[in-house]
Amino acid sequence: MAEKNDFTGLKLSEEVTNRLKEEFPTLIALATTPPDEVVRRCEINRRSAETAVLKARKLIGMSEPITAAELLQQRLIKPHLTTSSQQLDEILGGGIHVGALTEFSGSFSTGKTQLAFQLCINVQLSVEEGGLDGTALFIDTENTFSPARVAEMAYPFTKDPSLFLKKIFVSRAYNTDHQIQIVSKADKLIEKNEVRLIIVDSMASHFRAEFPGKDNLPRRQQTLMSHAEDLQRLSEAFELAVVTTNQILGNPDSLFTGESNLSPALGFAWGHRPTHRILLRKSRGTARIARIFDSPELAEREAVFHITSQGIRDGPPLDY
Ligand code: GTP
Ligand code: MG
């Protein structure tokens, strides 16, 4: 397989090669990008972009299918990112998966942001400790990122939490356009800083505010889909975990019939994008219940975790 950064293997003109290298840190990043986007980002003609993408795919061995057995082998050796709750890790099949999108949805105070903070700490741990030996990119759409709270969660691992804070890149996204731009320009930051986790907290807020009502639905879905594709591409191209949070849409009947009538926001089209979807709900005190509700490989199970002063932890089982 070709060296991941060896663009000379593409055998294109020096000018085109240089433009590609400026935009794409690795061949896999180029190979997984739609040619139209390569045209836009590199300002080269469509034919050169198509050739570059095709050649990159060939060089890294992406053009041929692999067997399911090989795929299983590849998946088995991929590490998982711990949530700091063994129960939650267990229903997730070992923790958060790399190369996939995982969504946590729930109403307010169900622990979505707290979980996201915990993952930003845990991703920095070694693989033996349940981490991914990397850094985190936190895309904050609601202005709720709290360095002080993240530092509190780092204390169990270090006397100097700033060491952990230095490895969390926080991008405050002010609107959908900004949110999309941060993701589509993330390649270089990811490669340079060994980002192994991208958080989008929350995926829904700007999209819902900027595209309200049925009339805006087609435009919202289209923008959202292309954003989701960018995230999926990054997760596979850089073997990293993407975790998004989502709000819950209430059905007034659910007040009488329970949580089952609540559903994550952003509709059906978005619903197919995350690989694993987890619903969070409140229980007594610090306890929260997580339920897998849509995953191609995880059973619909529930786990209990607690939000403690030190972060996400297991607690006594609930007698529910
Ligand atoms: P929204 O963003 O409003 O939709 O909610 P969320 O699901 O992101 O909730 P979040 O993760 O912010 O969880 C809030 C809950 O975490 C609060 O109800 C607190 O119980 C708990 N929490 C937040 N900060 C602390 C803290 O410093 N110490 C402790 N022990 N608990 C905290
Ligand atoms: Mg939140």
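These are my notebook entries on a predicted model, covering its ligand site, some backbone outliers, a few contacts and a surface patch.

**Entry 1: the shell around ligand 1**

I began with ligand 1. The shell around it holds 15 residues. Ser-109, Gly-111, Lys-112, Thr-113 and Gln-114 come nearest. I then sorted the shell by residue class. It divides into 2 nonpolar, 8 polar and 5 charged residues.

Next I asked which elements supply at least two residues of the shell. They are α7 (112-122), α8 (147-154) and β12 (302-308). Helix α7 gives the most, with 3 residues.

**Entry 2: polar atoms at ligand 1**

I looked up distances from the oxygen atoms of ligand 1. One oxygen atom is 2.8 Å from a polar backbone atom of Ser-109. For Lys-112, I found an N or O atom of the side chain at 2.8 Å from a ligand oxygen. For Arg-149, an N or O atom of the side chain lies 3.3 Å from a ligand oxygen. I also checked how much of ligand 1 is covered. On its own, ligand 1 has 660 Å² of accessible area, and the protein covers 64% of that.

**Entry 3: helix α7**

Helix α7 came up in the shell, and I went back to check its burial. Of its 11 residues, 10 are buried, so the helix is largely enclosed by the rest of the structure. I noted the buried residues by name. Lys-112 and Thr-113 are among them, as are Leu-115, Ala-116 and Phe-117. The list goes on with Gln-118, Leu-119, Cys-120, Ile-121 and Asn-122. Lys-112 is thus on two of my lists: it is one of the buried residues of α7, and its side chain has an N or O atom 2.8 Å from an oxygen of ligand 1.

**Entry 4: Arg-149**

I followed up on Arg-149 next. It is found in helix α8. Is Arg-149 buried or exposed? Its relative accessible area is 14%, so Arg-149 counts as buried, the cut-off being under 20%. I also looked at how Arg-149 sits relative to α7. Arg-149 and Phe-117 are 32 residues apart in sequence. In space their C-alpha atoms are 8.0 Å apart.

**Entry 5: backbone outliers**

I turned to backbone geometry. Most residues other than glycine have a negative phi, and most peptide bonds are trans. I wrote down three departures.

- Ser-109 is not a glycine, yet its phi is positive, at about 65 degrees. It lies in the loop between β3 (100-106) and α7. At 47% relative accessibility, Ser-109 counts as partly exposed. This residue was already in my notes, with a polar backbone atom 2.8 Å from an oxygen of ligand 1.
- Glu-194 also has a positive phi without being a glycine, at about 50 degrees. Its place is the loop between α11 (187-193) and β6. At 51% relative accessibility, Glu-194 counts as exposed.
- The peptide bond from Asp-201 to Ser-202 is cis, with omega near 0 degrees. Ser-202 lies in the loop between β6 (195-201) and α12 (204-210).

**Entry 6: two buried polar side chains**

I picked Arg-277 first. It sits in strand β10 (residues 276-282). Its relative accessible area is 7%, and it is buried. What does its side chain contact? A polar contact of 2.8 Å joins it to the side chain of Glu-103.

Thr-33 was next. I placed it in the loop between α2 (27-31) and α3 (35-42). With a relative accessible area of 1%, Thr-33 is buried. Its side chain reaches the backbone oxygen of Ala-29 at 2.6 Å.

**Entry 7: Glu-43**

I then looked up Glu-43, in the loop between α3 and α4 (46-59). At 64% relative accessibility, Glu-43 counts as exposed. Its partner in my search was Arg-19. The two are 24 residues apart in sequence. From C-alpha to C-alpha, Glu-43 and Arg-19 are 8.0 Å apart in space.

**Entry 8: a nonpolar patch**

I ended on the surface. Which residues make the nonpolar patch? Leu-72, Leu-76 and Ile-77 make it, and its area is about 350 Å². I checked Leu-72 separately. It lies in helix α5 (residues 68-76). Its relative accessibility is 51%, and Leu-72 therefore counts as exposed, the cut-off being over 50%.

How values were computed:
Residues numbered from 1 in each chain as written. Chains lettered and ligands numbered in written order. Predicted model: local features only at pLDDT ≥ 70, side-chain atom pairs only at ≥ 80, totals over all residues. Heavy atoms only, no water. Patch = residues over 30% accessible without salt bridge, like charges linked within 9 Å, V, L, I, M, F, W, Y side chains within 5 Å. Areas by Shrake-Rupley, 256 points an atom, 1.4 Å probe, with all protein chains shown as cover. Salt bridge = Lys/Arg side-chain N within 4 Å of Asp/Glu carboxyl O. Helix = DSSP H or I, 4+ residues; strand = E, 2+ residues; numbered from the N terminus. Buried < 20%, exposed > 50% of the residue type's maximum accessible area, 1.4 Å probe, protein only. Near = heavy atom within 4 Å. Polar contact = N/O pair within 3.5 Å; in protein donor to acceptor, adjacent residues only side chain to side chain. Nonpolar A, V, L, I, M, F, W, Y, C, P; charged D, E, K, R; others polar.
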